[in-house]
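Student: I have a model open and want to talk it through. Can we go over it piece by piece?

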Amino acid sequence: MEKLMTHRTNNTYTFMALTLVCSLLVWALGTGPASAELTIRITEGADSAIPVAVVPFAENGGIPAGDKINSIVQDDLAMSGEFRTLSPEKMLSLPSKRSEVYYRDWRLLGQRYVLVGQLSRNGDRVEARYELLDVNREERILGESAAVSVGNMRTLAHHISDKVYEAITGVPGAFSTKLAYVTLDTAKGEPRYRLQVSDVDGKRARVRLESKEPILSPAWSPDGKKLAYVSFETGKPAIYIHELGSGNRTKVADFRGLNSAPAWSRDGRSLLLTLSKDGNAEIYRMDIQSRNLKRLTNHWSIDTEGVWDHSGEGIFFTSDRSGGPQIYHKSSETAEPRRITFGSRYNARPRPDSQGDYVYYVHQRNGGFHIARTDLSNGEETVLTRTASDESPSLAPNGRMLIYATKHSGTSVLTVISADGGAAYSLPATEGDVREPAWSPVIR
């Protein structure tokens, strides 16, 4: 995590991640081998979760063995923190279409919704026909079909999860999106940093970059086709843009001193960067095509971690201009900064939602680091997490879930919580530590 240390040296905060010494080897793996995946572990559920039964889909025509559609959909819905799923072993029957559903049985089991469906195979394609039923109203609220190639069953399952989530909540699902994150493996005696991209549940992980040197701050482009990140491969921090489809990489910032914290504009044409090329850490906007820079902050303090607000006109950023790291907001590039956080001496790494309602950040309290949010309408602060070493928050594109890195039994893991902190699900790596998560936009 790229965050300010909490001690002062000559009135200047130092950056944890940027004190590392860099050396020689790095390579890009545009179509790298499958890597150690994350695994879901439920750590806390929400008492208000909506009960929904996902019935195992009937199968016809040689459906591939492996992960079942209903299991993936169950895990997706549970991960959101808004649903409580019913184990198939507790179901009184296993209907596959609406005409086979006896609503009385599902009411007896305390279910609010039931999802039923069938899978059929035609050559190298698998089609799903599915229906979502409201048990109390005894009516169908969703009925669709979707088809994918045989090797993309997980894609089909995430699509169904999105449709079910939206039918019930009225908000688009985010289960077909991606995660980027960095793993650190020291099993062979030297560090191996791997930038990976996976499904939102940690499955189908693929290595995109591997290095003996640190990789930090992955950030998705608005179209989900590129990642910007910080790499130390040249002996100092530099910022790269990585095209995921081709594996092509372009170095866009390699100035003297600090090059860190890339964040994309809404149109994908520019990046916010933290640079110290002029002697102090300040926030700049870079036009990607021309590489022209515009300085957006100008203060004796350290200004860093800039990110665009929901309007695309203003920015949030971290600054120690008030004596300790706090979140500030500029409503436009030329506006005066306004302090947002006041609840503790350390608040950093801002991540605003897409509606302009909240900003999320890392918050220090009682010696621990937590994830908190501030209501931008009234300044009310809410601490969302209870663990003590939380970092790198990233919001789902629908604003309903948040992922962050934390420690569990001495190992770094990723944890997904509902945006109000009501439920938590851990995604530990099967090998090594995992950190620096970034949630993709909706990828078309």
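Student: Y229 and Y240, buried or exposed?

Tutor: Both Y229 and Y240 are buried. Bear in mind that this is a predicted model.

Student: How many aromatic pairs does the structure hold?

Tutor: The structure holds 6 aromatic pairs. In one of them, the rings of Y229 and Y240 have their centres 6.3 Å apart and their planes at 20°, so that pair counts as stacked.

Student: Where do Y229 and Y240 lie?

Tutor: Y229 is in strand β13, residues 226-231, and Y240 is in strand β14, residues 238-243, so the pair ties together parts that are 11 residues apart in sequence.

Student: What about Y346 and F369, how are the planes set?

Tutor: Y346 and F369 form an edge-to-face pair, with 80° between the planes and 5.1 Å centre to centre. This pair links distant parts of the chain, 23 residues apart: Y346 sits in the loop between β23 and β24, while F369 belongs to strand β26, residues 368-375. Y346 and F369 are both buried.

Student: Which residues do ring pairs link into a cluster?

Tutor: F83, Y165 and F175 are linked into a cluster by ring pairs.

Student: Back to β24. Why is it called largely enclosed?

Tutor: Strand β24 spans residues 347-352, and 5 of its 6 residues are buried, so the rest of the structure largely encloses it.

Student: And which strand do 4 bridges join β24 to?

Tutor: The 4 bridges join β24 to strand β25, residues 358-365, and the two run antiparallel. One bridge partner to look at is V362 in β25, which is matched with A348.

Student: What lies between β24 and β25?

Tutor: There are 5 residues between β24 and β25, which form a hairpin. G356 is in the turn and has a positive phi of about 80°.

Student: New topic: N259. Where is it placed?

Tutor: N259 is in strand β16, residues 259-264. The relative accessible area of N259 is 0%, so it is buried; the cut-off for that label is under 20%.

Student: What does the side chain of N259 reach?

Tutor: At 3.4 Å, the N259 side chain reaches the backbone oxygen of G257. A polar atom of that side chain also lies 2.9 Å from the backbone oxygen of F255.

Student: Which residues is N259 in contact with, leaving aside neighbours within four places in sequence?

Tutor: With those neighbours left aside, the contacts of N259 include V230, K236, P237, A238 and I239. A253, D254, T274 and L275 are also among them.

Student: What order does the sheet with β16 have?

Tutor: It is an open sheet of 4 strands in the order β16-β17-β18-β19, with antiparallel pairing. β16 and β19, the latter covering 293-295, are the edge strands, and each pairs on one side only. From one strand to the next, the twist averages 30°.

Student: How many bridges join β18 to β19?

Tutor: Strand β18, residues 282-287, is joined to β19 by 3 bridges, and they run antiparallel. R285 has K294 in β19 as its bridge partner.

Student: And the sheet with β20, what is its order?

Tutor: That open sheet of 4 strands goes β20-β21-β22-β23, again with antiparallel pairing. β20 (303-308) and β23 (338-339) are at the edges with a single partner strand each, so one side of each has no neighbour in the sheet. Inside the order, strand β21 (residues 315-319) and strand β22 (residues 326-330) pair over 5 bridges in the antiparallel sense. F316 has H329 in β22 as its bridge partner.

Student: Helices now. Why is α1 described as largely enclosed?

Tutor: In helix α1, residues 69-79, 9 of the 11 residues are buried, so the rest of the structure largely encloses the helix. The buried ones include I69, I72, V73, L77 and M79, and also N70, Q74 and D76.

Student: What follows α1?

Tutor: G81 follows α1, and its phi is positive, near 80°.

Student: Last one: how many helices and strands are in the chain?

Tutor: The chain has 3 helices and 32 strands. Of its 444 residues, 55% are buried. The chain exposes about 18,800 Å², with carbon and sulfur atoms supplying 45% of it. Among contacts between residues at least 6 apart in sequence, 46% join residues at least 24 apart.

Conventions
Residues numbered from 1 in each chain as written. Predicted model: local features only at pLDDT ≥ 70, side-chain atom pairs only at ≥ 80, totals over all residues. Heavy atoms only, no water. Buried < 20%, exposed > 50% of the residue type's maximum accessible area, 1.4 Å probe, protein only. Pairing = 2+ DSSP bridges. Polar contact = N/O pair within 3.5 Å; in protein donor to acceptor, adjacent residues only side chain to side chain. Contact = heavy atoms within 4.5 Å. Areas by Shrake-Rupley, 256 points an atom, 1.4 Å probe, with all protein chains shown as cover. Axes fitted to C-alpha atoms, helices over the stretch in contact; angles between N-to-C directions. Phe/Tyr/Trp six-rings, centres within 6.5 Å; stacked < 30°, edge-to-face > 60°.
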